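Student: I would like to go through one model and ask what stands behind each label.

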Amino acid sequence: MAINIKELKPGNAYTENNDLFLCVSNEQNKQGRLSGKYMVKRKNMRTGAITEISYNPTGKVELAMIEKRKMQYLYDSGDMLVFMDNETYDQIEIPSERLKWELNFLKASDEVEITSHEGEVLGVSLPINVPLTITETEPAVKGDTATGATKNAVLETGFQIRVPLFISEGEVVMVNTQDGKYQGRA
């Protein structure tokens with residue numbers, strides 16, 4: 001469905017020149033008496049690159065339907081990650097190099113949201129915060145109580161984060177999946 005560029009809202013997905021974009025922002029840039037242009041900040045849904053482009057007010061774009069399905073992460077087969085649809089039990093594989101960041105927060109049997117467009121898998125949406133167990137960290141030293149002091153900790157996925165001194169091995173902590181930072185105890 002083609003819509004006028006004025007109607008494009010943040011969060012809308014659209015296609016242009018066989019590429020798939022997600023609108024991040026759309027602002028009218030008025031210049032004097034002219035009708036102005038629309039500055040669209042957009043994210044390429046295949047590469048993740050963010051660009052800004054200007055459109056005439058009469059420009060049109062083709063909206064795209066993005067399907068989202070809840071799926072369960074099963075396992076990593078080395079170069080592929082295997083996910084299963086909980087309703088149909090269909091399995092899909094996604095190359096692990098496309099999900100390098102997400103792998104830091106994925107455990108077997110975690111439920112995630114898979115986004116796709118016309119059968120092409122675009123990626124995985126993780127919850128904002130996930131609970132993960134600390135597998136190794138240095139013990140806290142008595143008397144070492146500097147305000148805001150932190151230490152390194154390794155999570156069950158192998159990802160390394162900084163945690164407060166009072167956190168010990170075996171504890172479950174909440175980790176932000178967008179920046180990879182400690183959020184608190186689970």
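The turns below cover salt bridges, burial, backbone angles, a sheet and a pocket.

Tutor: This is a predicted model, in which local features need pLDDT of at least 70 and side-chain atom pairs count only at pLDDT 80 or more, while totals for chains, interfaces and linings use all residues. Residues are numbered from 1 along each chain as its sequence is written, and side-chain values use heavy atoms, with hydrogens and water left out.

Student: Why is the contact of R42 and E16 called a salt bridge?

Tutor: The term requires a side-chain nitrogen of Lys or Arg within 4 Å of a carboxyl oxygen of Asp or Glu. For R42 and E16 the N to O distance is 2.7 Å, so the pair meets the rule. R42 lies in strand 4 and E16 in strand 2, so the pair ties together parts that are 26 residues apart in sequence. Strands (E, at least two residues) and helices (H or I, at least four) are DSSP runs, numbered from the N terminus.

Student: What makes R42 buried or exposed?

Tutor: Buried means under 20% relative accessible area, exposed over 50%, and partly exposed in between, with a 1.4 Å probe and protein chains only. R42 has 9%, so it is buried.

Student: Which residue forms a salt bridge with D19?

Tutor: D19 pairs with R46, and their closest N and O atoms are 4.0 Å apart. D19 lies in strand 3 and R46 in the loop between strand 4 and strand 5 (50-55), so this pair ties together parts that are 27 residues apart in sequence. D19, at 30% relative accessibility, is partly exposed, and R46, at 34%, is partly exposed as well.

Student: How buried or exposed are the partners R69 and D85?

Tutor: R69 forms a salt bridge with D85, with the closest N and O atoms 3.6 Å apart. The pair links strand 7 (residues 67-76) and strand 8, 16 residues apart. R69 counts as partly exposed at 36%, whereas D85 is buried at 8%. Salt bridges that share partners also join D19, R46 and E120 into one network. The count comes to six salt bridges.

Student: What is unusual about phi at N18 and Y89?

Tutor: Most residues other than glycine have a negative phi. Phi of N18 is near 60 degrees, and that of Y89 is about 65 degrees. N18 lies in the loop between strand 2 (13-16) and strand 3 (19-29); Y89 is in the loop between strand 8 (80-85) and strand 9 (91-95). N18 is exposed at 75% relative accessible area, and Y89 is exposed at 56%.

Student: What makes strand 14 an edge strand?

Tutor: Five strands form an open antiparallel sheet in the order 14-13-12-15-16. Strand 14 (160-164) and strand 16 (182-185) each pair on one side only. Two strands pair if DSSP finds at least two bridges between them; strand 13 (residues 150-155) and strand 14 have five, so they pair. The bridge partner of K151 in strand 14 is V163.

Student: What is the volume of the largest pocket, and how is a pocket defined?

Tutor: On a 1 Å grid over the protein atoms alone, a pocket is an open set of points where a 1.4 Å probe fits, with protein on both sides within 12 Å along at least five of seven lines; lining residues have an atom within 4 Å of a point. The volume, the space filled by probe spheres set on the points, is about 810 Å³. The lining has 26 residues, with K43, E102, T115, V124 and S125 nearest the centre. Strand 11 gives the most, with four residues.
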